[in-house]
Every structure is written in structure tokens, then in C-alpha cells.
Amino acid sequence: MVSRSSSKPTPAAAGKRLTARTADRHDLYQRSVQAPETDAAFYARWFKKYAGRELRVLREDFCGTALLACHHVKRHPDNRAIGVDLDGPTLVWGREHNVRPLLDAEQQQRLTLLQKNVLDVQSPKADAILALNFSYSVFKTRAQLAAYVRNCHRSLRPGGVLFVDAWGGPDVLRQQTDRTRQRGFTYLWEQRRYDPISHEITCAIHFEFADGTRLRDAFVYDWRLWTLAELRELFVEAGFVDVHVLWEGTNHKTGGGNGVFRRKERGDMDEAWISIVVGRKRD
Ligand SMILES: C[S@@+](CC[C@H](N)C(=O)[O-])C[C@H]1O[C@@H](n2cnc3c(N)ncnc32)[C@H](O)[C@@H]1O
């Protein structure tokens, strides 16, 4: 058994002042863009609504540091998670900074991390598959994305559910950088380039610190921006049923999202939106 104390705390977790030299990019990413406890509860709730049973086996595709997978395992003694990511060092970081500190030995037995291409994993079969933070956008042709969605269909148990998030709106097509203040640093999301012909989009994450230092290009994404219409069609072609979109409501004070998702057939003309495409495998 690996003891909890064997894991090295990140500089931020240790309460040290962050600078570009001391900060850890995975830690900053998790603090800026992830809400794993909330997300684990959110997907468990929607899964139960769709499947009429509890979400027990979760596959987190493109899992990165597997933080969400860890929180799913923690939620219930019968929960299991499979995290899949191509990148070995990212998975190693996740084991050291998430799996070991968050999960005891028994819980660790219920988590499997696979360093594999998501196209090559079909088992163990899952109740739900999540592909979050738009990671499937690495697939730049319809044939590649179709192969991915088909592979998810094959990997689910009967009645299983695939959830992928999506983003769009006119704001997303603009060259711009959004800044968000976090505790001890600033998170920057840069929309660097968008090509209207191929729909390819390059985005990057940077971090800035109080001492004026910067971590530039901490993460760079070379993606294709997929539309909800394309995603829905690919789900249907792969054999999913009850394919639909969960659309986020608007916070009328800020004009941004309010965190409340509802099944909708028509969206709003928001400047920027995030939504979730859902499909169920037949029982
Ligand atoms: C944007 S990160 C997403 C991390 C996490 N899912 C989240 O929601 O924040 C994308 C991850 O996808 C992984 N990745 C890219 N292509 C992949 C593939 N074909 N199969 C498995 N993992 C892949 C990368 O290594 C990276 O860790």
C-alpha cells in the first residue's frame, strides 16, 4: 500500500508563493478548469435519470491527470473508473498527485489507468463514457471522429450513456485571450487561430504570477471545432438512441452560463456557450 504522505505536494498545495519557476502546470490547470466533485455528482445524476440505475463503471476518456475518475471512485464503494490517456507523464503525475493522496489502497484497486489511444480501448465495458473539455476535438476528420464515437458505443454496456461536452458561439471564433484571476495566479485562455474553411482552431493556456513571471503555452491545443449538429449526427450513425443536447441556462446578471443544464431542441444565440451531447446505447 502506498501511504498518503508519500505524495509530493505541489507548490500551491504547500502554500508557497507561486512563480513561473515554482508552479506546476497540471496543478494550475486543475485549479483553473476542473470541478471534479461537482462533475462526478452531475454525471451520476444524469446517468441515473437516463439509465434508471446507478452509475457504477465510469470510463473517463482523455482523462489527463484522472482527477474526475478519482472522485467517481470515492463516491461509492461499488464505483469503478477507467481513465484513458495517451500521455505517460501526465498519467504518472496523476498517480502521484491525485490517485495516491485521494484514494486509499482499496479505492486504488477500483481505478484502472490505461496509457492508450481512446480508439483502441473497448473493455472493461462501462456504464458511462465521458469525453470532457472538448478533448475529442483532436480528431480532425469526420471519419476519425465517427470511429471514436463508434468505439464508445462498442465499449458501453447495454443502456450505457456517452456524454461529450461542446463549445461554440461567435465569441469562440474571435482571436482573443480571456483572463481569470485564481488564488495566487491568473489563468489565460487564448483563442489563437481559427480557420473558417477547415474549422481548425488553435488554443493555448498560459499562467501569470504576481511577481510578473509567466508560464506561456503551458498547454496548446490543435483542434477542429465541431458543431452540435455534426456531433448529434455522428452519435445517431454510431447506433446511439435518444441523442440530444443538454443546454446551459443563462445567468442574466453576468450574461454567462448559470450551471443549470436542460434538455433542449433549440439553443439560444449566445455569444459563447458550452453544452453536452448525450446518447444512450439500447438496453
Ligand atoms: C484537454 S486534456 C483533457 C483533460 C481532462 N479530460 C479534462 O477534462 O480536463 C486532453 C488530454 O487528451 C489526451 N489525448 C489526446 N489524444 C488522445 C487519444 N487519441 N487517446 C487518448 N488520450 C488522448 C492528451 O494526452 C491530454 O491529456
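A polar contact, as I'll use the term today, is a pair of N or O atoms within 3.5 Å, and within protein one of them must be able to donate a hydrogen and the other to accept it. Keep that in mind, everyone, while we look at this predicted model.

Let's start with R59, which sits in strand 1, residues 57-61. The side chain of R59 reaches the side chain of D61 at 2.8 Å, and because the limit is 3.5 Å, this counts as a polar contact. Is R59 buried or exposed? With a relative accessible area of 1%, R59 is buried. And which residues does R59 touch, leaving aside those up to four places away in sequence? Among them are I82, V84, V118 and V121, along with Q122, N151, C152 and S155.

Now please turn to the sheet. Four strands make up an open sheet, ordered 6-7-8-9, with antiparallel pairing. Strand 6, residues 176-182, and strand 9, residues 214-224, are the edges, each pairing on one side only. On average, neighbouring strands here are turned by 20° against each other, ignoring direction.

Let me walk you across part of this sheet. Strand 6 and strand 7, which covers residues 185-194, are joined in the antiparallel sense by seven bridges. To find your place, R181 has T186 of strand 7 as its bridge partner, while Q176 is bridged to Q191. These two strands form a hairpin with two residues between them, and G184 in that turn has a positive phi of about 90°.

Moving on, strand 7 runs antiparallel to strand 8, with nine bridges joining them. Here W189 stands opposite I205 in strand 8. This is another hairpin, with five residues between the strands, and H199 in the turn shows a positive phi of about 65°. How many of the ten residues in strand 7 are buried? Eight are, so to speak of strand 7 as mostly covered fits the 20% limit for buried residues.

What packs on this sheet? Helix 1, residues 25-33, does: the helix touches strand 6, strand 7, strand 8 (200-209) and strand 9, and its direction makes about 65° with that of strand 9.

That brings me to the aromatics, and there are plenty to click through: a search of the whole structure finds 20 aromatic pairs. Take Y29 and F219, whose ring centres are 5.2 Å apart; their planes are at 55°, so this pair is tilted. Y29 belongs to helix 1 and F219 to strand 9, so the pair ties together parts 190 residues apart in sequence. Both count as buried: Y29 has a relative accessible area of 17%, and F219 comes in at 12%.

Next come W46 and Y50, with ring centres 5.6 Å apart and planes at 25°, so this pair is stacked. The two lie four residues apart in helix 2, residues 36-51, so about one helical turn separates them. Both W46 and Y50 are buried. They also belong to one aromatic cluster, together with F42, Y43, F163 and F261.

One last stop before I hand over. Where does the charged end of R224 sit? You'll find it over the ring of W226, 3.7 Å from the ring centre. Thanks for listening, and do keep the structure open while we chat.

How values were computed: Residues numbered from 1 in each chain as written. Predicted model: local features only at pLDDT ≥ 70, side-chain atom pairs only at ≥ 80, totals over all residues. Heavy atoms only, no water. Pairing = 2+ DSSP bridges. Axes fitted to C-alpha atoms, helices over the stretch in contact; angles between N-to-C directions. Contact = heavy atoms within 4.5 Å. Buried < 20%, exposed > 50% of the residue type's maximum accessible area, 1.4 Å probe, protein only. Phe/Tyr/Trp six-rings, centres within 6.5 Å; stacked < 30°, edge-to-face > 60°. Lys NZ or Arg CZ within 6 Å of the ring centre and 35° of its normal.
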